[in-house]
Amino acid sequence: MKFMAIIPARYASTRFPAKPLAMLGGKPIIQRVYERVAQVFPNLCVATDDARIEAVVKHFGGVAVMTSTTHRSGTDRCYEAFCKMGGDADIVVNVQGDEPFIAPSQLKAVAACFDDPSTQIATLVKPFGPDATIEQIENPNSPKVVVSNDGYALYFSRSVIPYLRGIDRASWPSAHTYLKHIGLYAYRADVLEHITHMPQGILEQCESLEQLRWLQAGLRIKVGTTDVETIGIDTPQDLERAEAFLKTQK
């Protein structure tokens, strides 16, 4: 199978404008993401809507593709970039542009999901550790997943799933292994084209989780597992934490 990795990167952001160009340890965030992804997928590009991001990517020797400013999601941006890159891949991997610490093992894990020929879409989860608090699990910004016996997603939710009936809520973290969704996706090329033409479903509208559109439409999402904790950057405060984390890695 031929893989192509695409990193969607917008300039505009309500919580952190120009985030892809923010410096982390002397390099733009987008460069750190690109260099990580290139370790596993040499066929890759940044899909952006801004000439400033395009210029920075080309300056450090990366490949950038200009895409529309009107896309509703990173998935739609990925598909446009995939087409502009020639559409010559079996699997498209969508890596968020604000994950400078994404691990090669995570990228390999999502790719390995396609060893199962039934996989249409793949993503990752990370189990909440035994020391997690109920407050961490309840955080609506960390979507949870429940998975079938054969490793396919049954549902994603910002609520805590499953509900443990008859057990004190404070004991839930030790009574069950909850799964946190990691926002890394990969799609078969024909499936990527298909989902970009889907209308929003009611479940997606309720939870504001794009993957529920795909589940509601009957697509199968294979779930890989990682034990690596990364730091996504959504705000300037996250960037400060990332700087501190980077120093510990050095």
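**Note on the predicted model: salt bridges, cores and aromatic rings**

1. Lys2 is a convenient place to enter this structure, and at a relative accessible area of 41% it counts as partly exposed. The reader should keep in mind throughout that the model is a predicted one. Asp88, which has a relative accessible area of 47%, is likewise partly exposed, and the side chains of Lys2 and Asp88 meet in a salt bridge with a distance of 2.7 Å from N to O. Lys2 belongs to the segment before strand E1 (3-9), while Asp88 sits in the loop between helix H3 (74-84) and strand E6 (91-94), so this pair ties together parts of the chain that are 86 residues apart in sequence.

2. The protein as a whole contains 10 helices and 11 strands, and the C-alpha trace spans about 60 × 40 × 30 Å along its principal axes. A compact globule of 250 residues would have a radius of gyration near 18 Å, and the value for the protein, 18 Å, agrees with this. Of these 250 residues, 52% count as buried, and the surface that the protein exposes comes to about 11,800 Å², with carbon and sulfur atoms supplying 51% of it. Among the contacts with a separation of 6 or more, 67% are made by residues 24 or more positions apart.

3. What is the number of salt bridges in the whole structure? A search finds 16 of them. As general background, side chains of opposite charge can pair when their charged atoms come close. One of the bridges joins Asp76 to Arg72, where the closest N and O atoms are 3.6 Å apart; Asp76 is buried, with a relative accessible area of 10%, whereas Arg72 is exposed at 54%.

4. Another bridge links Arg241 with Asp238, and here the closest N and O atoms are 2.1 Å apart. Both residues belong to helix H10 (residues 236-249), and because they are 3 residues apart in it, about one helical turn separates them. Arg241 is partly exposed, with a relative accessibility of 46%, while Asp238 is buried at 10%. Elsewhere, Lys19, Asp98 and Asp234 are joined into one network by salt bridges that share partners.

5. Turning to the interior, the largest nonpolar core has 39 residues, and those with the most contacts inside it are Ile7, Val37, Phe41, Val93 and Val95. Helix H1 (residues 29-38) gives the most to this core, contributing 5 residues. If neighbours within four places in sequence are left aside, Val37 is in contact with Ala5, Ile7, Leu44, Val95 and Leu107. Apart from this core lies another, of 31 residues, which includes Ala89, Tyr185, Ile195 and Leu209. In general terms, nonpolar side chains in soluble globular proteins tend to be buried together.

6. Which residues link up through ring pairs around Tyr185? The search of the whole structure gives 7 aromatic pairs. In one of them the rings of Tyr185 and Tyr187 have their centres 6.3 Å apart and their planes at 20 degrees, and the pair is therefore stacked, the limit for that description being under 30 degrees. Tyr185 is buried at 10% relative accessibility, and Tyr187 is buried at 0%. Tyr185 also pairs with Trp214, in an edge-to-face arrangement with 5.2 Å from centre to centre and 80 degrees between the planes. This second pair links distant parts of the chain, since Tyr185 lies in strand E10 (residues 179-188) and Trp214 in helix H9 (residues 211-216), 29 residues apart. Both Tyr185 and Trp214 are buried, and the ring pairs link Tyr185, Tyr187 and Trp214 into a cluster.

7. A last residue to inspect is Thr119, which is placed in the loop between helix H4 (104-112) and strand E7 (121-127). Is Thr119 buried or exposed? With a relative accessible area of 0%, Thr119 is buried. Leaving aside neighbours within four places in sequence, Thr119 is in contact with Cys113, Phe114, Tyr152, Arg188 and Lys222.

Notes: Residues are numbered from 1 along each chain as its sequence is written. This is a predicted model: local features need pLDDT of at least 70, side-chain atom pairs count only at pLDDT 80 or more; totals for chains, interfaces and linings use all residues. Side-chain values use heavy atoms; hydrogens and water are left out. A salt bridge is a side-chain nitrogen of Lys or Arg within 4 Å of a carboxyl oxygen of Asp or Glu. Helices (H or I, at least four residues) and strands (E, at least two) are DSSP runs, numbered from the N terminus. Buried means under 20% relative accessible area, exposed over 50%, partly exposed in between (1.4 Å probe, protein chains only). A nonpolar core is a set of buried Ala, Val, Leu, Ile, Met, Phe, Trp, Tyr and Cys residues joined through side-chain atoms within 4.5 Å. Contact means heavy atoms within 4.5 Å. The radius of gyration is taken over C-alpha atoms; the globule rule is 2.2 Å times the number of residues to the power 0.38. Accessible areas come from the Shrake-Rupley method with a 1.4 Å probe; for residues, only the protein chains shown count as cover. Rings of Phe, Tyr and Trp (its six-membered ring) pair if their centres lie within 6.5 Å; planes under 30 degrees apart count as stacked, over 60 as edge-to-face and the rest as tilted.
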